Amino acid sequence: MIKAILVFNNHGKPRLTKFYYHYPEDMQQQIIRETFQLVSKRDDNVCNFLEGGSLIGGSDYKLIYRHYATLYFVFCVDSSESELGILDLIQVHYILNELVMGGMVLETNMTEIISRIEDQNKLEKQEAGLSAAPARAVSAVKNINIPQQIKDIKLPDLPHIGSFKF
């Protein structure tokens with residue numbers, strides 16, 4: 001069973017909240033804050049499933065999320081839900097954002113929508129490759145033998161000062 005669907009930006013500001021279990025308003029705000037803290041601290045290269053926070057049911061519940069550009073899509077579910085099924089559902093929710101934004105229809109042409117989603121997927125793959133770039137750069141610098149490279153520098157022969165004519 002889905003307990004809640006939360007969508008918030010990179011700063012933790014809720015963009016959409018849907019609770020399927022009654023929580024008082026102050027408890028909902030705490031759940032949103034706790035959920036944001038749990039998912040925003042995770043690296044982009046790790047699994048998109050984690051144990052629910054203390055407020056949303058603890059180890060009996062899971063948080064299944066995806067981070068797209070500036071938004072986090074989080075589903076709080078119990079153990080009867082399929083993690084992969086929920087990830088597919090998040091993808092559908094993401095597609096909905098390509099259709100409608102701020103109550104206005106942005107695009108209805110499915111070819112254009114699919115093209116935008118494919119572009120977004122390519123961008124995410126490129127960003128994943130870039131996230132490994134600093135580690136590769138540090139490794140490359142560590143492997144450089146700087147004293148030997150200085151010795152290997154070939155400078156052109158300079159003319160002697162006495163050979164210049166004024």
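1. Let's start with Q28, which sits in helix α1, residues 25-40, of this predicted model. Is Q28 buried or exposed? Its relative accessible area is 16%, and buried means under 20%, so Q28 counts as buried. Setting aside neighbours within four places in sequence, Q28 is in contact with F19 and Y23.

2. Helix α1 also matters for the picture of the largest nonpolar core, a set of 15 residues. L6, F8, F19, V39, Y72 and V74 have the most contacts inside this core. At least two of its residues come from each of β1 (2-9), α1, β4 and β5. With four residues, α1 supplies the largest share.

3. F8 is a good residue to click on. Beyond residues up to four places away in sequence, F8 touches a list that includes I32, T35, F36 and V39. Among the other residues that F8 touches are K13, P14 and R15, as well as T70, L71, Y72 and V74. There is also a second, separate core of 10 residues, with V7, F73, F75 and V77 among them.

4. Now for strand β4, residues 61-68, where six of the eight residues are buried. β4 pairs with β3 (residues 49-51) in the antiparallel sense, over three bridges. β4 also runs antiparallel to β5 (residues 71-78), and eight bridges join these two strands.

5. I64 is a handy landmark in β4: it is the bridge partner of F49, and it stands opposite F75 in β5.

6. Finally, have a look at the hairpin of β4 and β5. Two residues lie between the strands, and A69 takes a positive phi near 50°.

Methods. Residues numbered from 1 in each chain as written. Predicted model: local features only at pLDDT ≥ 70, side-chain atom pairs only at ≥ 80, totals over all residues. Heavy atoms only, no water. Buried < 20%, exposed > 50% of the residue type's maximum accessible area, 1.4 Å probe, protein only. Pairing = 2+ DSSP bridges. Contact = heavy atoms within 4.5 Å. Core = buried A, V, L, I, M, F, W, Y, C linked by side-chain atoms within 4.5 Å.
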